[in-house]
Amino acid sequence: SPIPDYLERVLENARPNDSGAPANYIETLANADTSKMAVALAMVDGQIYSAGDDKVEFSIQSISKAFVYAIAIEDSGLKRVLEKIGVEPSGDAFNKLSLERGSNRPMNPMINAGAITAHSLVAGPEATAKERTDRILEILSKLAGRQLQVDEEVYQAELRDADRNMGIGYMLKAAGVIHGDPREAVTGYIRQCSINVNVRDLAMMAATLCNAGIHPVTGESIIPQTSVRQVLSVMTTCGMYDAAGDWVSNIGIPAKSGVAGGIIGALPGQVGIATFSPKLDERGNSVRGVAICEQLSRDMGLHMMDVS
Ligand code: GLN
């Protein structure tokens, strides 16, 4: 197949752009090896291709928000999830302490307020913190096709630096959006963000979204079609922080980025994409990751608004 050589060339095209900086709010991310770079494509028929540092693991961070939203819908029902979390882009930083005016809900599940709420809706109202995080790790592992692990160093470091997320948790509790101990929802959310993945894992997870929730390799139905539609819609409008508009017009693929430098893209019926490079632009998206996705979209005609 010519695809692996093509992917190598795409990486080399992106490499000269050395701008941006890794996230610096915890040491583990600040000290990331910024020379690492990888890309993977997973087709809906189960074929997977990758290039670069495709075995290097990094924390999934905000990319987990898309999948945990799906699990929350599965466990609590779409109606209840929509009562608790909106679907409007916020245009604000992902970690802003904000609620939608009028409804008093988090604006959407891709900002922290919405993601912490989605986390609290996993495994039903009676679930313990451990049951929620175990369930999330189990589903994410199924999607990746292998057993994933939490990076305990990232988890502990994030916990030491959790004031802002704790603030969001207490705000949600006070507004009646989450119930129970807000610290449990926040620590669980932080644990979900600390799960380690590589680009091949992420590409498979994205390809499952492209394939109506059915895992392309195992054939297992992991996410119901109606939830997949909801997740991909919200990824399209809110997945790239406040760069969502630029992203959707230039690249045109439902996507989600994470602060460790990962990005997933999921084009329904076609291909799951994952990229990794730790340096972020001022909006928090991986500089080289965005460049790689841009080239893939252009070369392969992946923009969802184009007639193929
Ligand atoms: N865990 C971090 C936070 O919640 C990073 C989330 C992200 O990837 N933006 O602040």
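Leaving aside its neighbours within four places in sequence, which residues is Leu 143 in contact with? The views below start there; the model is a predicted one.

**View 1. Leu 143 and the residues around it.** Here's the answer: Phe 67, Met 204, Met 205, Thr 208, His 215 and Ile 222 are in contact with Leu 143, once neighbours within four places in sequence are set aside. Leu 143 itself sits in helix H6, which covers residues 129–144. Buried or exposed? Leu 143 is buried, since 26 other C-beta atoms lie within 10 Å and 20 or more is what buried takes. Ser 221 is also worth picking out: 78 residues separate it from Leu 143 in sequence, yet C-alpha to C-alpha the two are 9.9 Å apart in space.

**View 2. The whole protein, zoomed out for a moment.** There are 13 helices and seven strands in the protein. Its radius of gyration comes to 18 Å, close to the 19 Å that the globule rule gives for 308 residues, so the protein is as compact as a globular protein of that length. Along the principal axes, the C-alpha atoms fill a box of roughly 55 × 40 × 35 Å. Of the 308 residues, 52% are buried. If you count contacts with a separation of 6 or more, 67% of them join residues 24 or more positions apart.

**View 3. Where domain 1 meets domain 2.** The domain assignment splits the protein into domain 1 (3–61 + 195–300) and domain 2 (64–193). Their C-alpha centres lie 21 Å apart, and 35 residues of domain 1 are in contact with 36 residues of domain 2. On the domain 1 side, helix H2 (27–30), strand S4 (196–197), helix H10 (199–210) and helix H11 (225–238) each put in at least two residues. H11 gives the most, with eight residues. Sort that side of domain 1 by class and you get 17 nonpolar, 13 polar and five charged residues.

**View 4. The shell around the ligand.** Around the ligand you'll find Gln 61, Ser 62, Phe 94, Asn 95, Asn 112, Glu 158, Asn 165, Cys 193, Gly 258 and Val 259. By class, that shell has three nonpolar, six polar and one charged residues. Both domains take part: domain 1 and domain 2 each supply at least three residues to the shell.

**View 5. The largest nonpolar core, with Ile 264 picked out.** This core has 94 residues, and those with the most contacts inside it are Ala 203, Ala 206, Ile 264 and Ile 273. H10 provides its largest share, nine residues. Why does the core lie between the domains? Because domain 1 and domain 2 both give residues to it. Zoom in on Ile 264 and, leaving out residues up to four places away in sequence, it touches Ile 63, Leu 202, Met 205, Ala 206, Ala 255, Lys 256, Gly 272, Ile 273 and Ala 274.

**View 6. Two loop residues with positive phi.** Most residues other than glycine have a negative phi. Asn 104 isn't a glycine, but its phi is positive, at about 60 degrees. You'll find Asn 104 in the loop between helix H4 (78–84) and helix H5 (112–120), and it counts as exposed, with 12 C-beta neighbours inside 10 Å. Ala 212 isn't a glycine either, and has a positive phi of about 60 degrees. Ala 212 lies in the loop between H10 and H11, and its 16 C-beta neighbours inside 10 Å make it partly exposed.

Technical notes:
Residues numbered from 1 in each chain as written. Predicted model: local features only at pLDDT ≥ 70, side-chain atom pairs only at ≥ 80, totals over all residues. Domains from an automatic or database assignment. Contact = placed C-beta atoms within 7 Å. Helix = DSSP H or I, 4+ residues; strand = E, 2+ residues; numbered from the N terminus. Nonpolar A, V, L, I, M, F, W, Y, C, P; charged D, E, K, R; others polar. Near = placed C-beta within 6 Å. Core = buried A, V, L, I, M, F, W, Y, C linked by C-beta atoms within 7 Å. Rg over C-alpha atoms; globule rule 2.2 N^0.38 Å.
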